[in-house]
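Visitor: I would like to learn how to read a structure like this one. Please take me through it feature by feature.

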Amino acid sequence: MTTWNEVQARAATPGSRILNEWRAQQEAQRVITNASNGATETMASSDPRVVELLLGGYSSASGVNVTAESGMRVSAVYACVTRIAGAISSMTAKVYKRVPGSRQEVLDHPLWWLLNEEPTPRFTSASMWEHTISKMLLRESGHCFIARSRSGAVRELIPLPWDAVSPRRVEEGGSSRLRYDVQDVRTFGVDQDDMLHFPGFGFDGMRAMSVLQYAARNATGNAAAMDEYAGRFFRGGSHHSIVLEVPGKMGDDAITNLQTAYANKYAGLGNAHRLPLVLTNGITAKPIDINAADAQLLEARKFQVSDIARAFGVPPHLIGDASGSTSWGSGLEEQNRAFLAYTLSQHLTRMEQELNRKLFRRAGLYIEFDREAWMEANSTAQGNYFKAALGGPGSGPGWMTADEVRARKYLPPKGGESAQIYRPPGDAPPGNPPPTGAPE
């Protein structure tokens, strides 16, 4: 537990940008006076960077301080973050143009390359999305700087470290806007129009709610504490808990010598199964079976996995926990669909809205992640979808042509009837009068 004196000592260390900002906040803080009892309350800094740097992270119920780095050392947290970030980074960000009653994909738009291949020379697009989304889940927001040419065209999308960006609210022309102070190699200010800010849930206009800080803090701290305890539990090798019975009475020095001699020869993984156990002078060894408390520890570790998965919104089976595989649906396909509908889609929607309002500004174009790509992993579901889309006897009219389906599978078009939408015999195309003799 970090003491207040240790905090003050860290704050007195010169040269830290975050600490300098914290000291400036402390100097400018307001003192609220309670008129009823004359007590005063000092408003403490709520900057999560300050909490992490000065206090070593957010304290959990287990006493373990939780940070983004320590959280990622917990396998369940690591798995949840990589599943969400990996799923989103694998989706293609497509550019569409609005046309009357429909939309048209723009295949040669310059933003396509930045969003799907190389946003900046140091990053691939997959790495950029994984970096940004991991900061959104573990910290509270991910940031990408929009580097523009003199004409305003987007040249690069540059991911920024979370602790290098400081948002602040400014009032301009009667409206509230955000400005960002950035210190990454160089120090510069950024207007909100030139910063892609991807917040998590609960955005209040400056910062959002970190999943790790709010929903999974205690579960992560408990999991980290139990991992450490389990490591110590098995540190003794094959005989992790044993009693040596000695006839008669032994002095303190003799007990210590016997314990040391036994530990040096038989304890530790390096000594497991290496030497046979030889005891003399009437000494007997009795192993102790796992007790009820340790059995509950193992059960609690399983619960922490599902608790962390619940906080991140990831089906437990996706992070290796099959015990709750039916809680999200009747099968894995339904669970994957639920993961897309209730977890990924909320992140994707926030990201799409941020991209569209910063990159296009109502230009008739918009970006949308290809959610249907998730069906590629399930050939049965994909076959049923395309079968219904094409239509046919027993399926009714279609809404896709065979060439459109071929295009989704990156196959060349056939033309002719393959470019026409199927309609049952006697079914008139929309807008045309029904054939003669057909019922009105």
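Visitor: Start with a helix. Arginine 357 and glutamate 354 both lie in helix α12; what separates them there?

Guide: First, a caution: this is a predicted model. Arginine 357 and glutamate 354 are 3 residues apart in helix α12 (residues 332-359), so about one helical turn separates them. Their side chains meet in a salt bridge, 2.9 Å from N to O.

Visitor: What is the general idea behind such a pair?

Guide: Side chains of opposite charge can pair when their charged atoms come close. In this structure the count comes to 16 salt bridges.

Visitor: Are arginine 357 and glutamate 354 buried or exposed?

Guide: Read the relative accessible area. Buried means under 20%, and exposed means over 50%. Arginine 357 has 40%, so it is partly exposed. Glutamate 354 has 5%, so it counts as buried.

Visitor: Which residues does a network of salt bridges join?

Guide: Look for shared partners. Glu172, Arg177, Arg179, Asp191 and Asp193 are joined into one network in this way.

Visitor: Take one pair from it. How far apart are the closest N and O atoms of arginine 179 and aspartate 191?

Guide: They are 3.3 Å apart, and the pair forms a salt bridge. Arginine 179 sits in strand β10 (residues 175-184), and aspartate 191 in strand β11 (residues 186-191). The two are 12 residues apart, and the pair links distant parts of the chain. At 25% relative accessibility, arginine 179 counts as partly exposed. Aspartate 191, at 22%, is also partly exposed.

Visitor: Now a pair in loops. What does glutamate 140 form with arginine 207?

Guide: A salt bridge, with the closest N and O atoms 2.9 Å apart. Glutamate 140 lies in the loop between α7 (125-138) and β7 (141-148), and arginine 207 in the loop between β12 (195-199) and α8 (211-215). The pair therefore ties together parts that are 67 residues apart in sequence. Glutamate 140 and arginine 207 are both buried.

Visitor: Where is glycine 200, and which residues is it in contact with?

Guide: Glycine 200 is in the loop between β12 and α8. Set aside its neighbours within four places in sequence, and its contacts are Met136, Glu140, Ala208 and Arg350. Its relative accessible area is 5%, so glycine 200 is buried. Check C-alpha distances as well. Those of glycine 200 and glutamine 346 are separated by 9.4 Å, though the residues are 146 apart along the chain.

Visitor: On to sheets. In what order do the strands of the open sheet run?

Guide: Find the edges, then follow the pairing. This open sheet has 3 strands, in the order β6-β5-β15, with antiparallel pairing. Its edge strands are β6 (102-105) and β15 (365-369), each of which pairs on one side only. From one strand to the next, the twist averages 45°.

Visitor: How many bridges join β5 to β15?

Guide: Strand β5 (residues 93-99) is joined to β15 by 5 bridges, and the two run antiparallel. To see the register, find alanine 93: phenylalanine 369 in β15 stands opposite.

Visitor: Now step back. How many helices and strands are there in the protein chain?

Guide: There are 14 helices and 15 strands. Of the 440 residues, 36% are buried. For contacts, look at sequence separation. Among those between residues at least 6 apart, 56% join residues at least 24 apart. The accessible surface comes to about 25500 Å², and 54% of it belongs to carbon and sulfur atoms.

Definitions and conventions
Residues numbered from 1 in each chain as written. Predicted model: local features only at pLDDT ≥ 70, side-chain atom pairs only at ≥ 80, totals over all residues. Heavy atoms only, no water. Pairing = 2+ DSSP bridges. Helix = DSSP H or I, 4+ residues; strand = E, 2+ residues; numbered from the N terminus. Axes fitted to C-alpha atoms, helices over the stretch in contact; angles between N-to-C directions. Buried < 20%, exposed > 50% of the residue type's maximum accessible area, 1.4 Å probe, protein only. Contact = heavy atoms within 4.5 Å. Areas by Shrake-Rupley, 256 points an atom, 1.4 Å probe, with all protein chains shown as cover. Salt bridge = Lys/Arg side-chain N within 4 Å of Asp/Glu carboxyl O.
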